[in-house]
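Q: Could you take me through one part of this protein in some detail? I would like to see how that part sits within the whole.

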Amino acid sequence: MSPLKFVNGLGPPDAKIAIFGEAPGAEEERYGKPFVGKAGKLLTNILNELGLPRATVYIDNVVQIHPP
């Protein structure tokens, strides 16, 4: 079993929009970034449709560790 890995939020700390998920999934834990799996692709597409570059939004999870 691998050690638990924290997945910290990404984005500018002064962003006007913040998006929070429940907890990181296996992909997020592997890369150490929030919303990089299927949900991340969907989120990026939604943000693009809204004209919001992902880099301008703060993205994080309520829980920082992938649940066992």
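Here is a close look at one loop and its surroundings. Which residues make up the largest nonpolar core, and where does F35 lie?

A: Happy to help! Please keep in mind that this is a predicted model.

Let us start with the whole chain. The protein has two helices and two strands, and from the N terminus on they follow the order β-α-α-β. Its radius of gyration is 12 Å, close to the 11 Å that the globule rule gives for 68 residues, so the protein is as compact as a globular protein of that length. Along the principal axes, the C-alpha atoms fill a box of roughly 40 × 25 × 15 Å. Of the 68 residues, 22% count as buried. Contacts across the sequence are also worth a look: among those between residues at least 6 apart, 80% join residues at least 24 apart.

Now to your loop. F35 lies between α1 (26-31) and α2 (38-49). Its relative accessibility is 17%, and because buried means under 20%, F35 counts as buried. The backbone deserves a glance too, since phi of F35 is near 55 degrees, a positive value in a residue other than glycine. For background, most residues other than glycine have a negative phi.

F35 also answers your question about the core. The largest nonpolar core has five residues, namely F35, L43, L47, V57 and I59. In general, nonpolar side chains in soluble globular proteins tend to be buried together. Take L47 from that set: leaving aside its neighbours within four places in sequence, L47 is in contact with I19, L52, R54 and V57. Of these partners, V57 is itself a member of the core.

Next to consider is N61, which touches F35. N61 belongs to strand β2 (residues 58-61) and, at 4% relative accessibility, counts as buried. Not counting residues up to four places away in sequence, its contacts are V7, F20, G21, E22, A23, P24, P34 and F35. Both P34 and F35 are on that list, so if you are viewing the loop on screen, N61 is a handy residue to display alongside F35, given that it counts as buried at 4%.

On the helix before the loop, Y31 is in α1. Y31 counts as exposed, at 53% relative accessibility. Leaving out residues up to four places away in sequence, Y31 touches K5 and V36. Y31 and V7 are 24 residues apart in sequence, yet their C-alpha atoms are 8.3 Å apart in space.

The segment before β1 (18-21) contains F6. Unlike the buried F35, F6 counts as exposed, at 53% relative accessibility. Its contacts, not counting residues up to four places away, are Q64 and I65. F6 and K33 are 27 residues apart in sequence, and their C-alpha atoms are 9.0 Å apart.

For a contrast, look at K41 in helix α2. K41 is exposed, with a relative accessible area of 60%. K41 and D14 are also 27 residues apart in sequence, but 23 Å separates them in space, C-alpha to C-alpha.

Finally, the surface and the charges. The accessible surface comes to about 4800 Å², of which 62% belongs to carbon and sulfur atoms. The protein carries 7 positive and 7 negative side chains, and the centres of the two sets lie 6 Å apart.

Technical notes. Residues are numbered from 1 along each chain as its sequence is written. This is a predicted model: local features need pLDDT of at least 70, side-chain atom pairs count only at pLDDT 80 or more; totals for chains, interfaces and linings use all residues. Side-chain values use heavy atoms; hydrogens and water are left out. Helices (H or I, at least four residues) and strands (E, at least two) are DSSP runs, numbered from the N terminus. The radius of gyration is taken over C-alpha atoms; the globule rule is 2.2 Å times the number of residues to the power 0.38. Buried means under 20% relative accessible area, exposed over 50%, partly exposed in between (1.4 Å probe, protein chains only). Contact means heavy atoms within 4.5 Å. Accessible areas come from the Shrake-Rupley method with a 1.4 Å probe; for residues, only the protein chains shown count as cover. Lys and Arg count as positive and Asp and Glu as negative; His and the chain ends are not counted. The place of a charge is taken as NZ of Lys, CZ of Arg, CG of Asp or CD of Glu. A nonpolar core is a set of buried Ala, Val, Leu, Ile, Met, Phe, Trp, Tyr and Cys residues joined through side-chain atoms within 4.5 Å.
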